[in-house]
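Biologist: Please show me the model. I want the reasoning behind each label.

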Amino acid sequence: MAATSTSLASQLYIGLRRPCLKLDSFNSQSFSLFDPNLRLSLSPPKPSRAVIAMAGTGKFFVGGNWKCNGTKDSISKLVADLNNAKLEPDVDVVVAPPFLYIDQVKNSLTERIEISAQNSWVGKGGAFTGEISAEQLKDLGCKWVVLGHSERRHVIGENDEFIGKKAAYALSQGLGVIACIGELLEEREAGKTFDVCFQQLKAYADAVASWDNIVIAYEPVWAIGTGKVATPQQAQEVHVAVRDWLKKNVSDEVASKTRIIYGGSVNGGNSAELAKQEDIDGFLVGGASLKGPEFATIVNSVTSKKVAA
């Protein structure tokens, strides 16, 4: 019996035992735009059309990842700011508080905004110290969970297969999944952006039974919390490639319906230009989501898809 339990545990732990990179190791490096393998747009943008449309058919989606930030008092103020914010109606809005504060936020935040967790365990709860199960998140009223975030991949050490299994289990328990993908700086400079993103997508595709409740978040790791932001053209090109991968490897319907959102130093000053790109279906926001008025500005950037550029 003990041998069987050990074997089961080892299967669950696959993906947690490899060397981890420190994010600081690439934050300070310079980013090169001149990578011919990525077909980046370096020439002036073409004249825009009168109306900016979404390539996908899903509703604009904006998530706020509060990460490991906040206290009871600061979160009470943030919730009050969000409750008082005027948000465009045609946007799905989600916030992901730290686990400790999910119940506080759920009981005080407007129902207009849904609650996400920042992580969940790969299977049913039990003797897994420090972990949170999908069942517990559902019990608290969470509708979503963020999985595959770069900080989970490169700091904690979760690999593609493990993340895919986590996504499959969360979906099986009725949670929506914000499925993160994205390349490191050295991977982009080596011309491997698409290869990395496609490999991460394949791990999700191999594990999940349906894409109905999945939102893909493309977050270039070199842009997360660094102040460096992919240009609208760079982000669009990766989003187009991701949608094309879904079309070729999953189905036309999934490629059309699945929302592909961008994350990486998104703020109130750059969200409108990013939102104008056809294949950017929203945002996953880090630091700026801790400021209620600025987060509202990002949510309301959906209007950029309805007006002349």
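Modeller: The questions below go through burial, contacts, cores and a pocket.

Biologist: What kind of model is this?

Modeller: This is a predicted model. The protein chain has 13 helices and 8 strands. Of its 309 residues, 48% count as buried.

Biologist: Why is Ser 301 called buried?

Modeller: Its relative accessible area is 4%. Buried means under 20%. Therefore Ser 301 counts as buried.

Biologist: Where does Ser 301 sit, and which residues does it touch?

Modeller: Ser 301 is in the segment after helix H13, residues 292-299. Not counting residues up to four places away in sequence, Ser 301 touches Phe 60, Ser 271, Ala 272, Ala 275 and Phe 283.

Biologist: What makes the link from Ser 301 to Ile 298 a polar contact?

Modeller: The side chain of Ser 301 reaches the backbone oxygen of Ile 298 at 2.6 Å. The cut-off for a pair of N or O atoms is within 3.5 Å. The value of 2.6 Å meets that cut-off.

Biologist: What about Val 299: buried or exposed?

Modeller: Val 299 is in helix H13. Its relative accessibility is 0%. The limit for buried is under 20%, so Val 299 is buried.

Biologist: Which residues does Val 299 contact, leaving aside its neighbours within four places in sequence?

Modeller: They are Phe 60, Val 62, Leu 87, Val 91 and Val 93. Val 299 and Asp 90 are 209 residues apart in sequence, and their C-alpha atoms are 9.7 Å apart.

Biologist: How much of the contact count in the chain comes from residues 24 or more positions apart?

Modeller: They account for 76% of the contacts with a separation of 6 or more.

Biologist: Why is Val 242 called buried?

Modeller: Val 242 has 0% relative accessibility. Buried needs under 20%, so the label holds for Val 242. Val 242 lies in helix H10. Beyond four places in sequence, Val 242 touches Ile 181, Phe 198, Leu 201, Ile 216 and Ile 260. Val 242 and Ile 260 are 18 residues apart in sequence and 8.0 Å apart, C-alpha to C-alpha.

Biologist: What can you say about the nonpolar cores?

Modeller: The largest nonpolar core has 66 residues. Val 62, Val 95, Ile 216, Tyr 262 and Phe 283 have the most contacts inside it. Helix H10, residues 232-249, gives the most to this core, with 6 residues. A second, separate core has 11 residues, including Ala 96, Ile 178, Cys 180 and Leu 284.

Biologist: Which residues does Val 95 contact beyond four places in sequence?

Modeller: Among them are Gly 64, Trp 66, Leu 82, Ile 113 and Phe 295.

Biologist: Why do Cys 68 and Cys 142 get opposite labels?

Modeller: Cys 68 has 79% relative accessibility. Exposed means over 50%, so Cys 68 is exposed. Cys 142 has 2%. Buried means under 20%, so Cys 142 is buried.

Biologist: How many disulfides does the structure hold?

Modeller: The structure holds 0 disulfides. A disulfide needs a pair of cysteine sulfur atoms within 2.5 Å, so no pair of cysteine sulfurs here meets that cut-off.

Biologist: Which residues are closest to the centre of the second largest pocket?

Modeller: Lys 67, Cys 68, Gln 118, Glu 151 and Arg 152 are the closest of the 16 that line the second largest pocket. About 400 Å³ of space lies in that pocket. Helix H6, residues 150-156, gives the largest share of its lining, 3 residues.

Technical notes. Residues are numbered from 1 along each chain as its sequence is written. This is a predicted model: local features need pLDDT of at least 70, side-chain atom pairs count only at pLDDT 80 or more; totals for chains, interfaces and linings use all residues. Side-chain values use heavy atoms; hydrogens and water are left out. Helices (H or I, at least four residues) and strands (E, at least two) are DSSP runs, numbered from the N terminus. Buried means under 20% relative accessible area, exposed over 50%, partly exposed in between (1.4 Å probe, protein chains only). A polar contact is a pair of N or O atoms within 3.5 Å; within protein, one must be able to donate a hydrogen and the other to accept it, and residues adjacent in sequence count only if both atoms are side-chain atoms. Contact means heavy atoms within 4.5 Å. A nonpolar core is a set of buried Ala, Val, Leu, Ile, Met, Phe, Trp, Tyr and Cys residues joined through side-chain atoms within 4.5 Å. On a 1 Å grid over the protein atoms alone, a cavity is a set of points where a 1.4 Å probe fits but cannot get out, and a pocket is an open set with protein on both sides within 12 Å along at least five of seven lines; lining residues have an atom within 4 Å of a point. Grid points are joined across faces, edges and corners, and a volume is the space filled by probe spheres set on the points.
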